[in-house]
Amino acid sequence: MKKVLALILALVMAFALVACGEQAAPAEAPAEEAAPEKTSFTVQIGPNPETLDPALNSAVDGGNMLVMLDETLLIIDENLTVQPGQAESYTVSEDGLTWTFTMRDGLKWSDGSELNAKDFEYSFKRVCDPNVAAPYGETVMGMVKGYAEAAAGDLDALAVKASEDGKTLTIELAYPCSYFDKLAAFGTLSPVQKATVEKNGDAWATTPEGYVCNGPYMISEWVPGERIVTVKNPNYVGGWDSSRIVTDEITYLLLEDSSAAFAAYNSGEAVMIKDVPTEEIPSLTKAADGGDFYVDPILGTYYLSMNTQKEPFNNPLVRKALNLAIDRDYIANVVMQGTYAPAYNFMGTGVTDFEGMFIDNAIAANGGTYISQDYEANLEAAKAALAEAGYPNGEGFPVITYSTNEAGYHVPVAEYLQSCYAELGITMNIDKVEWASFTPMRRAGEYEMARNGWVMDYNDASNMIELLYSTNGNNDGKYNNPDFDAAIDASRVASAEEHFKALHNAEDIMMADYACIPLAYYTDFWLQSSALQGTWHSPYGYWFFMYGYLAE
């Protein structure tokens with residue numbers, strides 16, 4: 001019995017030792033998985049935007065932000081093709097007057113709340129609201145039935161209606177508009193959240209907290225004059241392929257000084273900059289030759305506005321003299337170092353017509369460009385026009401002020417203009433205005449002459465020629481000619497052939513009237529590191545960064 005008990009005791013002790021050993025040396029806990037490293041890159045596409053309110057923006061830099069932050073019913077992809085955006089599909093009635101958009105399921109605002117067709121109805125009517133004073137109001141909504149009444153304050157008259165369930169948006173046009181799909185993809189018609197706008201008023205689009213949006217990225221930080229930081233929108237549902245949106249954070253440096261932008265690029269802080277110091281351009285190697293300097297034509301014209309409601313610019317002969325005294329070839333190829341092309345018509349290259357290209361057909365119809373390419377002959381004609389206007393050799397002509405901002409070639413162009421007008425006996429002062437104040441000043445008509453320009457929002461000549469329509473919110477020169485307005489009105493018809501014929505007539509009128517001064521056709525030029533992949537640049541002057549990433 002003693003032997004049996006001893007054996008049992010030994011077995012118990014052995015078991016206890018094993019058990020105690022297991023308790024003393026437990027299995028090692030699995031290591032916590034390290035959080036994936038945040039991906040990011042930094043770019044510079046302009047200074048502090050005047051506004052990021054889609055209804056109020058009219059500048060390219062602001063528009064470039066909007067394509068990342070806000071999504072319209074339709075979008076334009078990298079092949080310049082119209083694609084579904086917040087709407088998954090749309091139909092157009094046989095007569096071209098009724099457009100019905102069906103919304104995607106599961107749409108949300110960046111704050112996680114539901115978004116539907118009712119938000120678009122509110123936003124479209126807001127663009128027409130006279131209290132908002134959207135500069136693009138007539139351009140994007142003028143063809144919609146009831147626009148005139150809405151612009152006068154009766155917003156319910158606008159024929160834009162969301163279904164009760166918010167699934168469809170129906171828009172009735174007053175006349176057919178063949179390019180309305182492109183308007184439905186234009187940033188002005190981005191949705192804005194009614195509750196946010198009504199709570200914050202004009203300040204809703206000025207802070208990260210207030211800026212509720214629906215695009216692939218949202219604002220996380222905004223330091224005016226320094227940077228805007230955007231992060232992936234976790235609630236995004238839309239036309240962009242979410243699987244290709246791989247970068248967590250994109251920072252936009254808000255630099256107006258091109259030298260500061262260049263320094264940021266050279267230090268590696270920014271991997272792309274739009275504002276390249278002009279003095280550096282001769283030493284830069286183009287991307288086609290293995291460099292990182294890109295030059296790409298865009299659909300737009302660099303021109304000068306004259307306030308046609310002020311003397312002496314209300315005199316067509318004065319406007320003619322100021323127009324013809326300029327050597328456009330010298331501006332494009334010397335002042336602008338060959339990065340732009342001289343403009344002798346208002347409408348430039350790449351703009352399509354009913355058949356062929358708009359500029360080619362205009363030149364063929366007129367037997368040449370509107371402004372002769374013979375500078376010496378133009379200069380003599382300018383002097384004769386000024387004398388006919390009552391200012392021979394500039395005698396008695398008031399000192400005029402030319403307003404511009406300081407980026408890019410704007411100041412060198414202004415200094416060249418100074419010398420041109422001196423040859424006519426005219427003294428011109430240069431007023432350098434900070435960018436944030438420049439476009440509001442120009443839009444309000446608080447200037448005499450000013451730098452201007454337009455990059456087209458969609459490829460139809462009406463988008464640019466209509467700028468000079470008397471009631472257009474972007475008619476900075478306050479040009480008013482009933483014959484020109486009548487030609488624009490005649491372009492708003494169903495027939496594409498008649499549409500373009502009327503637009504050619506409108507350009508004939510405004511160029512004969514010297515309504516503005518075209519100088520050069522735009523290109524974009526920028527520096528971009530080869531490490532930044534997946535982005536693209538469009539002929540509308542935008543860079544698309546949503547698919548961008550830094551290659552390893």
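**Cores, an enclosed strand and two buried polar residues**

Of the 163 residues in the largest nonpolar core of this predicted model, Met141, Phe180, Tyr421 and Phe545 touch the most other members; a nonpolar core is here a set of buried Ala, Val, Leu, Ile, Met, Phe, Trp, Tyr and Cys residues joined through side-chain atoms within 4.5 Å, and buried means under 20% relative accessible area, against over 50% for exposed and partly exposed in between, with a 1.4 Å probe and protein chains only. Apart from this core lies another, of 7 residues, including Ala59, Trp435, Met441 and Ala450. Because this is a predicted model, local features need pLDDT of at least 70 and side-chain atom pairs count only at pLDDT 80 or more, while totals for chains, interfaces and linings use all residues. Residues are numbered from 1 along each chain as its sequence is written, and side-chain values use heavy atoms, with hydrogens and water left out.

Phenylalanine 180 touches, when residues up to four places away in sequence are not counted, Trp99, Phe101, Val140, Met141, Met143, Val144, Ile171 and Leu173, a contact being heavy atoms within 4.5 Å. Aspartate 181 is found in helix α6, which spans residues 180-183; helices (H or I, at least four residues) and strands (E, at least two) are DSSP runs numbered from the N terminus. With the same sequence neighbours set aside, up to four places away, aspartate 181 touches Leu74, Val82, Tyr90 and Trp99. Aspartate 181 is buried yet has no salt bridge, and the nearest side chain of opposite charge, lysine 182, is 5.9 Å away. A salt bridge would require a side-chain nitrogen of Lys or Arg within 4 Å of a carboxyl oxygen of Asp or Glu; Lys and Arg count as positive and Asp and Glu as negative, whereas His and the chain ends are not counted.

Strand β17 (residues 517-528) is largely enclosed by the rest of the structure, because 12 of its 12 residues are buried. Two strands pair if DSSP finds at least two bridges between them. Strand β12 (residues 293-306) runs antiparallel to β17 and is joined to it by 9 bridges, with phenylalanine 525 in β17 as the bridge partner of valine 295. Strand β11 (residues 272-273) is also antiparallel to β17, through 2 bridges, and here isoleucine 273 has leucine 527 as its partner. Strand β13 (residues 341-342) pairs with β17 in the antiparallel sense over 2 bridges, where proline 342 stands opposite alanine 520.

Serine 258 lies in helix α8 (residues 258-267) and is buried, with a relative accessible area of 16%. Leaving aside neighbours within four places in sequence, serine 258 is in contact with Asp275, Val276 and Pro277.
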